[in-house]
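Here is a quick tour for someone meeting this structure for the first time. Have a look at the sequence and the model, then read on.

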Amino acid sequence: EICQEGDRREKLCRENGVDNVEALRKINDQLNIPRILVIIDEFQKLFEYRDDISKQSAKDIEDIIRRFRKYSINIILSSQMAYDATQYLKVDQIGVRIAFSCENRDARLVSMDYLNLNNGCFVYNGKTGDPKYNQTANTFYIEGVSKDNIGGVAKAMNVINCAAETHSFEPKNAFIFR
């Protein structure tokens, strides 16, 4: 269905003489074309059996990555074992990569030989894995629930919400995704 919508948007753009949804919105502000974000957690499972579903999944994911991003359809692929899917996907087409601590073979997807990071740290690469663009950064991290930390995530979110309402913070080392 996502690929059918991508094809529909591509056709709509062609009929209006533009090559992307942003340009289409400028010439016709009455069109309601929302951004679609496809999130596939543990996406490598799609390729587990190496069958027709695997082949179709690879084609559809590649179309979303390569063709449909200019039509406001984007994808997030999440995995703890992404390496298993690399024989199906053309990883070099994935422009933005974010990796947390992971196994060596998976770390190679972000062009690092070894990725042993502290909790809450990650590597961001916005240049299709070119290692000279790897940046290490920190994100929000909450320890797991324990006897001393009942409802830890909910408590932490309440503290963050209260702080956000009463203070003005300047974001530091923030990554902004378009």
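Start with Ile39, which sits in strand β1, residues 36–41. Keep in mind that this is a predicted model. Is Ile39 buried or exposed? With a relative accessible area of 57%, Ile39 is exposed, since the cut-off for that label is over 50%. Ile39 also has company: together with Leu37 and Ile76 it makes a nonpolar surface patch of about 290 Å².

Further along the chain from β1, two residues share a backbone quirk. Glu42 isn't a glycine, yet its phi is positive, at about 55 degrees. Arg50 isn't a glycine either, and its phi is positive too, at about 50 degrees. Glu42 is found in the loop between β1 and α3 (52–66), and Arg50 has its place in the loop between β1 and α3 as well. As for cover, Glu42 counts as partly exposed at 26% relative accessibility, while Arg50 counts as exposed at 51%.

Now for the sheet. Three strands line up in the order β3-β4-β5 to form an open sheet, and their pairing is antiparallel. Which strands are at the edges? They are β3 (97–99) and β5 (135–138), each of which pairs on one side only. On average, neighbouring strands of this sheet are turned by 30 degrees against each other, direction ignored. Zooming in, β3 is joined to β4 (residues 121–125) by three bridges. One pairing to look up is Ala99, whose bridge partner in β4 is Val123.

Gly95 is worth a stop too. You'll find Gly95 in the loop between β2 (73–78) and β3, and it is partly exposed, with a relative accessible area of 21%. Gly95 and Thr128 are 33 residues apart in sequence, but their C-alpha atoms are 4.1 Å apart in space. Leaving out residues up to four places away in sequence, Gly95 touches Asn125, Gly126, Lys127 and Thr128.

Next, the charged side chains. How many salt bridges are there? The count comes to eleven. Here are a few of them:

| Pair | N to O distance |
|---|---|
| Arg9 and Glu5 | 2.8 Å |
| Arg67 and Glu10 | 2.8 Å |
| Glu15 and Lys11 | 3.9 Å |

Arg9 and Glu5 both belong to helix α1, where they are four residues apart, about one turn of the helix. Both Arg9 and Glu5 are buried. Glu15 and Lys11 are also four residues apart in helix α1, so about one helical turn separates them. Glu15 and Lys11 are both exposed.

The Arg67 and Glu10 pair reaches across the chain. Arg67 lies in the loop between α3 and β2 and Glu10 in helix α1, so this salt bridge ties together parts that are 57 residues apart in sequence. Glu10, in helix α1 (residues 2–15), is buried because its relative accessible area is 14%, and buried means under 20%. Arg67, at 21%, counts as partly exposed. Setting aside neighbours within four places in sequence, Glu10 is in contact with Arg67 and Tyr71.

Finally, some of these charges join up. Asp7, Glu10, Arg14, Lys59, Glu62, Asp63, Arg66 and Arg67 are linked in a network of salt bridges.

Conventions. Residues numbered from 1 in each chain as written. Predicted model: local features only at pLDDT ≥ 70, side-chain atom pairs only at ≥ 80, totals over all residues. Heavy atoms only, no water. Pairing = 2+ DSSP bridges. Axes fitted to C-alpha atoms, helices over the stretch in contact; angles between N-to-C directions. Patch = residues over 30% accessible without salt bridge, like charges linked within 9 Å, V, L, I, M, F, W, Y side chains within 5 Å. Areas by Shrake-Rupley, 256 points an atom, 1.4 Å probe, with all protein chains shown as cover. Salt bridge = Lys/Arg side-chain N within 4 Å of Asp/Glu carboxyl O. Buried < 20%, exposed > 50% of the residue type's maximum accessible area, 1.4 Å probe, protein only. Contact = heavy atoms within 4.5 Å.
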